[in-house]
Amino acid sequence: MVKKDNPKSSDKEDEVKDNPNAESTDVEKEVADAAEFDIGDLEGVGAVRKARLAAANINNPMDLMVRGPVEVAEITGLDRDAAEKLVQTAIDFLKERGVMEKTFQSGRDKLKFRKEKIDKNRITTGCKALDELLGGGYEPQSVTEFYGVYGSGKTQICHTAAVMAQLPREQGGLDGEVIWIDTEATFRPERIIDIVVERELVPLQPHPKKSDPKIPVDENQAYEFLDRITVASATNASHQELIADKIREMLKVHEDQIEGRPTAPRVVLIIVDSLTTHYRVEYAGRGLLQPKQAALNTHIHRLLKTAQIFNIAVIFTNQVVANPEGFGNPIKPVGGNVLAHASTYRIALRKGANVKRIAKMDDSPMHEQLEVIFETTKGGCTDPEGKP
Ligand SMILES: Nc1ncnc2c1ncn2[C@@H]1O[C@H](COP(=O)(O)OP(=O)(O)OP(=O)(O)O)[C@@H](O)[C@H]1O
Ligand SMILES: [Mg+2]
């Protein structure tokens, strides 16, 4: 996934070589370290058990933590007690190394953690209004949901985020890579280029008049933004779940490839557009409601745990259905209580006049129920009446 021939990243590599003392942030260092952990590093995992776990595609302590004891027992054939012990050993291992938060912490330490690891690693939405709604942009280690009717701007928000995440910190990004799980075949590389060019993120040819088209000096510079997005096309719900698990391997491979060079690009954002499409189609009908909710629950929680371990932000979109209750909001998001509880921040989108869109913080452990207005334009999701 890391493109060795990507001039952007090789420039960076040279920079690091020139400056061996280049400091990385703690988080980047921890992520790089985490990728090097092997399942054999865990106490009680010898060659035989390692092979048994590898056969079930469990290769590092993070895999054990994300899957949890019930599933580990099921897929490895270990008895439940042994699986529980093993998962707990993995969790303790990750906590000791600072990859996971300690179980008991003071409120003050929690605040320090949020300021240093969360707030410093937010990604701008590309639009001041939405940044304000989210308290400064997409939060790592959290899941942000956008739901709304067709054309309400969900996919445009995702495209914009996929560009913004790649920008340097001073421009609100994390100089990172993006993974996009595409279940509706709506990822459009052309939109990425549009957003990059419209926002003038690459040098443009002179365009003295406002009506002059914006044309990059070197179109390859715009294409580099595409190089740093990995699109995974999911063809059905179980494929989508498989991809979500594969992502962890990609993160490991990715970090391994950089060989302890923590300032090299890393994945900072996972997008799922949309999370629920395949589940709605495949688990149609009342009789399948229970298995559908169970499958969605597992899927979303695994994504959340992956986000927590690798300090990644997750955005997903969700469709809506008519609210049969007949009062309050006429539409409601798909996925019932499962998704309502699992998403950290839940944002409702609705259409306004023309390109105007309204976003409302529907559910959040820390934000008021603000409503803001943004627009869907060539530059992605943008603030009304102004430059993106
Ligand atoms: N190149 C563009 N320039 C300006 N506006 C655009 C461009 N591409 C798409 N849009 C606008 O974005 C809106 C579509 O938004 P989006 O694709 O995000 O909808 P959505 O919420 O994902 O809908 P769905 O539920 O169908 O997936 C449309 O109003 C469309 O006109
Ligand atoms: Mg869409």
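C381 is buried, because its relative accessibility is 0%. This is a predicted model, and C381 is a good place to enter it.

**Cysteines**

The sulfur of C381 has its closest cysteine sulfur in C127, 5.0 Å away. A disulfide needs two cysteine sulfur atoms within 2.5 Å. The C381 sulfur is therefore too far from that of C127 for a bond.

What about C158? Its relative accessibility is 0%, so C158 counts as buried too. For the sulfur of C158, the closest cysteine sulfur belongs to C381. The gap is 9.3 Å, so again it is too far for a bond. How many disulfides does the structure hold? Zero.

**The sheet**

C381 falls within β11, which spans 380-382. That strand is part of an open sheet of nine strands. Their order is β3-β2-β4-β5-β1-β8-β9-β10-β11, and the pairing is mixed. Which strands sit at the edges? They are β3 (229-233) and β11, and each pairs on one side only. From one strand to the next, the twist averages 25°.

Look at one pair inside the sheet. Strand β2 covers residues 177-182, and strand β4 covers residues 267-273. The two run parallel, joined by six bridges. One residue to find here is I181, whose bridge partner in β4 is V272.

**Helices across the sheet**

Helix α8 holds residues 154-164. It lies across β1, β2, β3, β4, β5, β8, β10 and β11. Its direction is about 165° to β4.

Helix α13 takes up residues 289-310. Which strands does α13 lie across? They are β1, β4 and β5, and the helix runs at about 155° to β5.

**Around ligand 1**

Ligand 1 has 15 residues around it. Those that come nearest are G151, K154, T155, Q156 and R357. Some polar atoms of the protein lie at short listed distances from oxygen atoms of the ligand:

| Residue | Part of the residue | Distance to an oxygen atom of ligand 1 |
|---|---|---|
| G153 | polar backbone atom | 3.1 Å |
| Q156 | backbone N or O atom | 2.8 Å |
| R357 | polar side-chain atom | 2.9 Å |

G153 and Q156 use the backbone. R357 uses its side chain. Q156 also links two parts of this picture: it is among the residues that come nearest to the ligand, and its number lies in the α8 range of 154-164.

Notes
Residues numbered from 1 in each chain as written. Chains lettered and ligands numbered in written order. Predicted model: local features only at pLDDT ≥ 70, side-chain atom pairs only at ≥ 80, totals over all residues. Heavy atoms only, no water. Buried < 20%, exposed > 50% of the residue type's maximum accessible area, 1.4 Å probe, protein only. Pairing = 2+ DSSP bridges. Helix = DSSP H or I, 4+ residues; strand = E, 2+ residues; numbered from the N terminus. Axes fitted to C-alpha atoms, helices over the stretch in contact; angles between N-to-C directions. Contact = heavy atoms within 4.5 Å. Near = heavy atom within 4 Å. Polar contact = N/O pair within 3.5 Å; in protein donor to acceptor, adjacent residues only side chain to side chain.
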